[in-house]
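Visitor: Could you take me on a close look at one part of this protein, the salt bridges, and then show me how that part sits within the rest?

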Amino acid sequence: MTGYARVEAAFPWGRLSWELRSVNHRYFDVQFKVPEEFRVLEGELRQAAGAKIARGKVECGLRYVREAAVADRIELDRPRLVQLKDALDALAAELGATAVPEPMRVLAYPGVVREEQADFAPLLAEARTLFDAALRDFAAARAREGERLQQFIVERCAAIETLVADVRARHPLVRDQWLARLKARCAELGVEVEPQRLAQELALMAQRLDVEEEMSRLLSHLQEVRTSLARGESVGRRLDFLMQELNREANTLSSKSQDAEMTRCAVEMKVAIEQIREQVQNIE
């Protein structure tokens, strides 16, 4: 399912912001875009995301803006600097050199400058906590979308049930129309048909045209769709299978149909089933 969430927090040492977004995907695929300093968290965060999300391609981006006041401080290693000065003085005494060393060259000498790195542990902890908050908002957004999809699917199921009722009501009329056409055709040909023979033909035709079994299975599958939606768990793959079964029954109805109205109902069923199937691809 699609989803989006963004959370941001400011701290004395800077600002952190997480942005999570997802698009439809058959499986679970999560990608992280984080500063290099936070790469150590990726495995833990990936596991946390997998516990909340079953399907979808998810992009998780972290932005870190550091306050200038807490930038890494540069300090001189004074003992090292004294050693360097003594060495330069000795060199000047030995060679008679009088040039004053350039400050930037002195600072570039290994060991003269000591960079004191800030303690990164608090940043990692805050990034992890903030990610949990973003994940909660993200899951809530997907839940809201899931409710809308559920309503959509339930409405389509109701439409299919109406079509099933129409087919059941239409079937006896189709049978009577077929019998009337058969009698009319026999009359045109001047053929006298025995009532028993006519009854046999009617029974055979009724058997070929009977779709009650397909309609019963359709209703059973629709009920299973509703039951699956009410479970409150990952049902995407189960619904995908049920769509295949519903489509199979609708195709059988279409192949058996000898009536334009029943054929129309079969087509409308397949349209509704396809609409549900498209949305089922978005459901966990």
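Guide: In this predicted model, the side chains of arginine 238 and glutamate 224 come together in a salt bridge, at 2.6 Å from N to O. Arginine 238 belongs to helix 7 and glutamate 224 to helix 6, so the bridge ties together parts that are 14 residues apart in sequence. Both partners are partly exposed: arginine 238 has a relative accessible area of 39%, and glutamate 224 has one of 21%. Buried would mean under 20%.

Right beside glutamate 224 in the sequence you will find Val225, which together with Met269 has the most contacts inside the largest nonpolar core, a set of 30 residues. Helix 6 (212–229) and helix 7 (236–256) each give two or more residues to this core, and so do helix 4 and helix 8 (260–280). To see how these pieces meet, put methionine 269 at the centre of your view. Leaving aside residues up to four places away in sequence, methionine 269 touches Ile160, Leu163, Val164, Val167, Met215, Leu218, Ala250 and Leu253. Apart from this core lies another, of 29 residues, with Ala5, Leu20, Phe32 and Phe38 among them.

Helix 8 has a salt bridge of its own, between arginine 264 and glutamate 261, whose closest N and O atoms are 2.8 Å apart. These two are three residues apart in helix 8, which means that about one helical turn separates them. That spacing is worth a moment: an α-helix has 3.6 residues a turn, so residues three or four places apart point the same way. Arginine 264 is partly exposed at 36% relative accessible area, and glutamate 261 is also partly exposed, at 32%.

Helix 4 (residues 121–189) holds proline 172, which counts as partly exposed at 32% relative accessibility. Although 38 residues separate proline 172 from aspartate 210 in sequence, their C-alpha atoms are 9.8 Å apart in space.

Now move towards the start of the chain for one more pair. Arginine 39 forms a salt bridge with glutamate 42, with 2.8 Å between the closest N and O atoms. Arginine 39 is partly exposed, at 34%, while Glu42 is one of the buried residues of helix 1 (residues 42–52), along with Leu45, Ala48 and Ala49. These buried residues cover an arc of only 125° around the axis, so they lie on the same side of helix 1. The face turned away from that buried side carries the exposed residues Gln47 and Ala51.

Arginine 39 also leads you to valine 34, which touches Arg39 as well as Trp18 and Leu62, not counting residues up to four places away in sequence. Valine 34 is in the loop between strand 3 (28–33) and helix 1, and at 12% relative accessibility it counts as buried. Its C-alpha atom is 6.8 Å from that of arginine 63, though the two are 29 residues apart along the chain.

There is also a network of salt bridges, which links Arg6, Glu8, Arg15, Glu19 and Arg21. Across the whole structure, a search finds 19 salt bridges. For the wider setting, the protein has eight helices and six strands, and 33% of its 284 residues count as buried.

How values were computed:
Residues numbered from 1 in each chain as written. Predicted model: local features only at pLDDT ≥ 70, side-chain atom pairs only at ≥ 80, totals over all residues. Heavy atoms only, no water. Buried < 20%, exposed > 50% of the residue type's maximum accessible area, 1.4 Å probe, protein only. Helix = DSSP H or I, 4+ residues; strand = E, 2+ residues; numbered from the N terminus. Arc of directions from axis to C-beta. Contact = heavy atoms within 4.5 Å. Core = buried A, V, L, I, M, F, W, Y, C linked by side-chain atoms within 4.5 Å. Salt bridge = Lys/Arg side-chain N within 4 Å of Asp/Glu carboxyl O.
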